[in-house]
Amino acid sequence: MRILDYMERLQTLTRLLKKEHTGSLTQMARNMGVHRLTAYNYMNELRAMGAEIEYDNERNTYYFKKSFDIQLKIKI
């Protein structure tokens, strides 16, 4: 079940980044239901997958610098 939680959180983070409505790292972690460091690690996971993530101080949000999408597939 943990892998499904991980995938769901990656999807939630991706959705927040696309909407450019994450808030600060602390707010983003709260919205995802994880610790601040965990949210940071999820962003690093997306970066490792090729996502370019930036932060805008004026709008107080993280966002994708370039278009990015992930597809999660499960085969049983």
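**Aromatic pairs and helix packing in the predicted model**

A search of the whole structure, which is a predicted model, finds three aromatic pairs. One of these is formed by Phe64 and Phe68, whose rings lie 5.3 Å apart, centre to centre, with 40° between their planes, an arrangement classed as tilted. Phe64 is buried, and Phe68 is buried as well. In general, a pair of aromatic rings is described by the distance of the centres and the angle of the planes.

The packing of the helices was examined next. Two packed helices are described by the angle between their axes and the distance between the axes. Helix α1, which spans residues 2-19, packs with helix α2, which spans residues 25-32, at an angle of about 130°, and the axes of the two helices are 10 Å apart. An angle of about 130° falls neither in the range of 65 to 115 degrees nor over 145, and α1 and α2 are therefore oblique to each other. The crossing of α1 and α2 is right-handed. On the side of α1, the residues that take part are Arg9, Thr12, Leu13 and Leu16, and these meet Met28, Asn31 and Met32 in α2. By character, the residues of this contact of α1 with α2 comprise four nonpolar, two polar and one charged.

Helix α2 also packs with helix α3, which spans residues 36-48; the axes of α2 and α3 come within 8 Å and cross at roughly 90°. That angle makes α2 roughly perpendicular to α3. From α2, the contact is made by Leu25, Thr26, Met28, Ala29 and Met32, while α3 provides Arg36, Ala39, Tyr40, Tyr42 and Met43. The residues of the contact of α2 with α3 divide into eight nonpolar, one polar and one charged. Met28 and Met32 of α2 thus appear in the contact with α1 and also in the contact with α3.

Leu13, one of the residues of α1 that meet α2, may be considered in further detail. Leu13 lies in helix α1 and, with a relative accessibility of 0%, counts as buried. When residues up to four places away in sequence are not counted, Leu13 touches Met28, Met32, Ala39, Tyr42, Met43 and Leu46. Among these, Met28 and Met32 belong to the α2 side of the contact with α1, whereas Ala39, Tyr42 and Met43 belong to the α3 side of the contact with α2. Leu13 and Gly33, which are 20 residues apart in sequence, are 11 Å apart in space, C-alpha to C-alpha.

Notes:
Residues are numbered from 1 along each chain as its sequence is written. This is a predicted model: local features need pLDDT of at least 70, side-chain atom pairs count only at pLDDT 80 or more; totals for chains, interfaces and linings use all residues. Side-chain values use heavy atoms; hydrogens and water are left out. Axes are lines fitted to C-alpha atoms, for helices over the stretch in contact, and angles run from 0 to 180 degrees between N-to-C directions. Helices (H or I, at least four residues) and strands (E, at least two) are DSSP runs, numbered from the N terminus. Angles under 35 degrees count as roughly parallel, over 145 as roughly antiparallel, 65 to 115 as roughly perpendicular and the rest as oblique. A crossing is left-handed if the near helix is turned anticlockwise from the far one by less than a right angle, and right-handed if clockwise. Contact means heavy atoms within 4.5 Å. Ala, Val, Leu, Ile, Met, Phe, Trp, Tyr, Cys and Pro count as nonpolar, Asp, Glu, Lys and Arg as charged, and the others, Gly among them, as polar. Rings of Phe, Tyr and Trp (its six-membered ring) pair if their centres lie within 6.5 Å; planes under 30 degrees apart count as stacked, over 60 as edge-to-face and the rest as tilted. Buried means under 20% relative accessible area, exposed over 50%, partly exposed in between (1.4 Å probe, protein chains only).
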